Amino acid sequence: GYARETQAQISALVRATGDPDSDVRNNAARAVLVLAKSNPRVAARIPARNFIAMVKSRVWTDRNKASSVLMVLTKTRNPLLLAKLRKEALPALIEMAEWHDPYATPARIVLGRIAGIPEEQLQREAFQPTARPILEALGAQ
C-alpha cells in the first residue's frame, strides 16, 4: 500500500477508516498517514470526513491516528477544512490538546492552525508542557 498511490487505493483506505473493527481502522489510518506525509498532492486528495469523526471516537487509537492525519491535512491551512474542524471537532481536539506529549502534539497543531497561529510560532508552542497559549489564541480558555 505504500508504493505508487492511486485514487482507488486512497479511497479504499479511507473507507476502511470507517470499518467497525478498531484494528482495521487503526491500520488503515496509519497507511493513510504515510500516504499523506509522502506528498502534498496526495494529501490534498484525502477527504477529512472520516478523520473528523474519528477524533470524536471513544477509542483511543481512532483519536490518536485521526489527529495525526488531520495534522498533515491542515498543513496547507485550507480555510474550509479549518472551519469544518472548528465547527465539528473543536471539543474533542481541545480535550486531546491536554493529553501528555507526544500524543497531544497533533491536536495542538491542528488547533493552532484553526486559531491562525503562524507556523513557526506554533511549532514551538505545540511542544510546550501546556496547551494554554494555543487554547488562549483559539479563545477556548
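## Close-up views of an all-helix predicted model

**Figure 1. Overall view of the protein chain, which has nine helices and zero strands.** The coordinates shown here are those of a predicted model. Read along the sequence, the elements follow the pattern α-α-α-α-α-α-α-α-α. The C-alpha trace of the protein chain spans about 40 × 30 × 25 Å along its principal axes, and its radius of gyration is 14 Å, which agrees with the value near 14 Å that a compact globule of 141 residues would have. Of these 141 residues, 48% count as buried. When contacts between residues at least 6 apart in sequence are considered, 57% of them join residues at least 24 apart.

**Figure 2. Close-up of the packing of helix α6 (residues 79–97) and helix α7 (residues 105–115).** Two packed helices are described by the angle between their axes and by the distance between those axes. Here the axes of α6 and α7 come within 9 Å and cross at roughly 140 degrees, which makes α6 oblique to α7, because an angle has to be over 145 degrees to count as roughly antiparallel. The crossing of α6 and α7 is left-handed. On the side of α6, the contact is made by Leu82, Leu85, Arg86, Leu90, Leu93, Ile94, Met96 and Ala97, while α7 contributes Ala107, Arg108, Val110, Leu111, Arg113, Ile114 and Ala115. By residue class, the contact of α6 with α7 comprises 12 nonpolar residues and three charged ones, with no polar residue taking part.

**Figure 3. Close-up of Ser68, a residue of helix α5 (residues 60–73).** Is Ser68 buried or exposed? The relative accessible area of Ser68 is 12%, and Ser68 is therefore buried, since the cut-off for that class is under 20%. Once the neighbours within four places in sequence are left aside, the residues in contact with Ser68 are Leu33 and Pro106.

**Figure 4. Close-up of Arg77 in the loop between α5 and α6.** The backbone of Arg77 has a phi near 60 degrees, which is a positive value in a residue other than glycine. Most residues other than glycine have a negative phi. As for its surroundings, Arg77 has a relative accessibility of 24% and so counts as partly exposed, the class that lies between the buried limit of 20% and the exposed limit of 50%.

How values were computed:
Residues numbered from 1 in each chain as written. Predicted model: local features only at pLDDT ≥ 70, side-chain atom pairs only at ≥ 80, totals over all residues. Heavy atoms only, no water. Axes fitted to C-alpha atoms, helices over the stretch in contact; angles between N-to-C directions. Helix = DSSP H or I, 4+ residues; strand = E, 2+ residues; numbered from the N terminus. Parallel < 35°, antiparallel > 145°, perpendicular 65-115°, else oblique. Left-handed = near helix turned anticlockwise from the far one by under 90°. Contact = heavy atoms within 4.5 Å. Nonpolar A, V, L, I, M, F, W, Y, C, P; charged D, E, K, R; others polar. Rg over C-alpha atoms; globule rule 2.2 N^0.38 Å. Buried < 20%, exposed > 50% of the residue type's maximum accessible area, 1.4 Å probe, protein only.
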